[in-house]
Amino acid sequence: SLAVSGYSALIPDLIIPEQVNIASAWMGFGSMLGYLVGTILGVLELFVGIFACYCILAVVLTAGAVLTFLSNDAGQNMALYEKVKVAPSPPSMRTVNGLWHLFSDPFRCRNFLWVFVTRFLVMFGFNTVTAFLENYVRDSIPSPYVVFGIEIESYVLATALMMGIVLVGSVIAAFGSGFVANKIGRKPVVYIASGLMAGVILVYVFWVNYQWDLFLIVFFGIGYGSYISVDWALAADALPSSGSFATDMGIWHVSTNLPMLVGPLIGGLMIDILNPVGDAIGIDGFGYRLVWIMCVIAYVLAIIFTRNISTSDEKTNGSAQQFVELHDETELAGGVDSSRMTTMREPLDDSTLSAYAEELGLSDPSSDNDELAA
C-alpha cells in the first residue's frame, strides 16, 4: 500500500493531461496482467517451495522499485502536467490538527469526494464477490461441476477456474477500455463497467448453474477490467492540489484497501446469520443471495454517484467545459471581493485565466492564490 500510493502519485508528474486515459489504461492492464501472471506462477510453490516463492517476489518487487527510481525524473517532467488548483502544499503532519486536515482537506474537493465514494463502492462489490465465491461454489452449486461435458470434482479447482476467467477478461478489457474512454469519455466507461458487474451478480441471485456462471463471469471480469482502466484517470483528474499528489493519492488508495476489510466482514456476518434462516424457510443459499443483492446495490450506487463527477474529458461542442463562478459578496484570492456573478462556459486556457487574474488584481495566475482557477 505504501509503494502503490507513491507510485500512483508519480504518474501525474510524468504525463500530459491528454495522455491520462491511455496512461490509466496501461496501469490497469499492468495491474490485471500482474494478477493473472502471479496466479499462474503460484503453481511454482508446488515445485520450489514457499520460501523460494517469497524470494522470487522480493527480487521482482526490488527490481521494479529500483527501475522506477532510476528511470524517472519527476521534477523535470512536472512541467508537462501543470495544474492550477487550490492548496499548493499539504498541511503539516506535526500536529493533530495538521494530521486531521491532511486527511480531510482532499474531501473538501467535490470531485475527489465522489471519485473516492464511487471507487469504494465498486471495490466493495468486487472484493465481497471474490471473497465468498469459493464458499458459494461449495455450498450452493451441486458437484460435480460440469463444463462442456468435463466434470470437475473439486470446488477449489472450480473456483480457481472462475477466478482465472475473471482475470483474463479483466486483462483484455483493461487494455482496450482506456482507448475507448478517449472516444466516449471516462464516465460512460464506468457506467458500462458497473452495469456489467451488477448484471452478472444479479443473475447469480436467481440462477444457480456452474456452466452458465462460468460463462457470465467473463463479463464480470470485463466490467472490472474496464473500470480499473479508467479509475486512476478519474482520480488524477480530481486531485485537489498539484502540490500534494502523493498525499491525495495515498488517501484515494484507501478506497481500495478499506473495502477489502469492510466487504468480507459484512458479507461474512450476513452469510453466517442468514443461511440458516434460508434453510428454515426453504431458500437455498439465502445469505449468499442477499450478499449478491448488496453488491448489486453498491454497483448501482456507483453508477448514480459517478454522474456527480466532473471530468476534463466531458465535451460540449467539441471542447472541454470548465466553469468559473464569481459569486456576489464572495471573497476571492488575495482578499478581492467580487460585486457580481459571472458564469463562463468556455475552456480555461492560459489567456482566459490571465484575463481573469488581471481583472481581479492577481499578478500571476499560476501563483499560490488560485481559488479563481478552482
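Start at L133: helix 7 has a kink of about 45° centred there. The model you have open is a predicted one.

**Stop 1: helix 7, end to end**

Select residues 110–140, which make up helix 7. Put a distance label between the C-alpha atoms of its two ends: they are 42 Å apart. At 1.5 Å a residue, the 31 residues should span 45 Å, so the two values agree. Now show the surroundings. Helix 7 is largely enclosed by the rest of the structure, because 22 of its 31 residues are buried.

**Stop 2: zoom out**

Show the whole protein chain. Colour by secondary structure and you should find 13 helices and six strands. Of the 374 residues, 41% count as buried. Switch on a surface next. The chain exposes about 19500 Å², and carbon and sulfur atoms supply 65% of that area. What share of the contacts between residues at least 6 apart in sequence joins residues at least 24 apart? The figure is 73%.

**Stop 3: V129**

Return to helix 7 and select V129. Is V129 buried or exposed? Its relative accessibility is 2%, so V129 counts as buried. Expand the selection to its contacts. Leaving aside neighbours within four places in sequence, V129 is in contact with I201, F220, W292 and C295. Then pick V291. The C-alpha atoms of V129 and V291 are separated by 8.2 Å, although their positions lie 162 residues apart along the chain.

**Stop 4: the aromatic pairs**

Show the rings of Phe, Tyr and Trp. The count comes to 13 aromatic pairs. One of them is Y136 with W292, an edge-to-face pair with 5.4 Å centre to centre and 75° between the planes. This pair links distant parts of the chain: Y136 sits in helix 7, W292 in helix 12 (residues 286–306), and they are 156 residues apart. Check the accessibility of each partner. Y136 has a relative accessible area of 2%, so it is buried. W292 is at 1% relative accessibility and therefore also counts as buried, the cut-off being under 20%.

For another edge-to-face pair, select W212 and F215. Their ring centres are 5.7 Å apart and their planes stand at 90°, so the pair is edge-to-face, as the angle is over 60 degrees. Both residues lie in helix 10 (residues 210–238), three residues apart, about one turn of the helix. An α-helix has 3.6 residues a turn, so residues three or four places apart point the same way. What about burial here? W212 counts as partly exposed at 42% relative accessibility. F215, at 44%, counts as partly exposed too.

Add Y204 and Y288 to the selection of Y136 and W292. Ring pairs link these four residues, Y136, Y204, Y288 and W292, into a cluster.

**Stop 5: a charge over a ring**

Select R138 and Y155. R138 lies over the face of Y155, at 6.0 Å from the ring centre.

**Stop 6: T306**

Finish in helix 12, where T306 is found. Which residues does T306 touch, not counting those up to four places away in sequence? They are T118, K187, V190 and Y191. T306 has 1% relative accessibility, so it counts as buried.

Key: Residues numbered from 1 in each chain as written. Predicted model: local features only at pLDDT ≥ 70, side-chain atom pairs only at ≥ 80, totals over all residues. Heavy atoms only, no water. Helix = DSSP H or I, 4+ residues; strand = E, 2+ residues; numbered from the N terminus. Expected span 1.5 Å × (residues − 1). Bend = angle between axes of the 7 residues up to and from the residue. Buried < 20%, exposed > 50% of the residue type's maximum accessible area, 1.4 Å probe, protein only. Contact = heavy atoms within 4.5 Å. Areas by Shrake-Rupley, 256 points an atom, 1.4 Å probe, with all protein chains shown as cover. Phe/Tyr/Trp six-rings, centres within 6.5 Å; stacked < 30°, edge-to-face > 60°. Lys NZ or Arg CZ within 6 Å of the ring centre and 35° of its normal.
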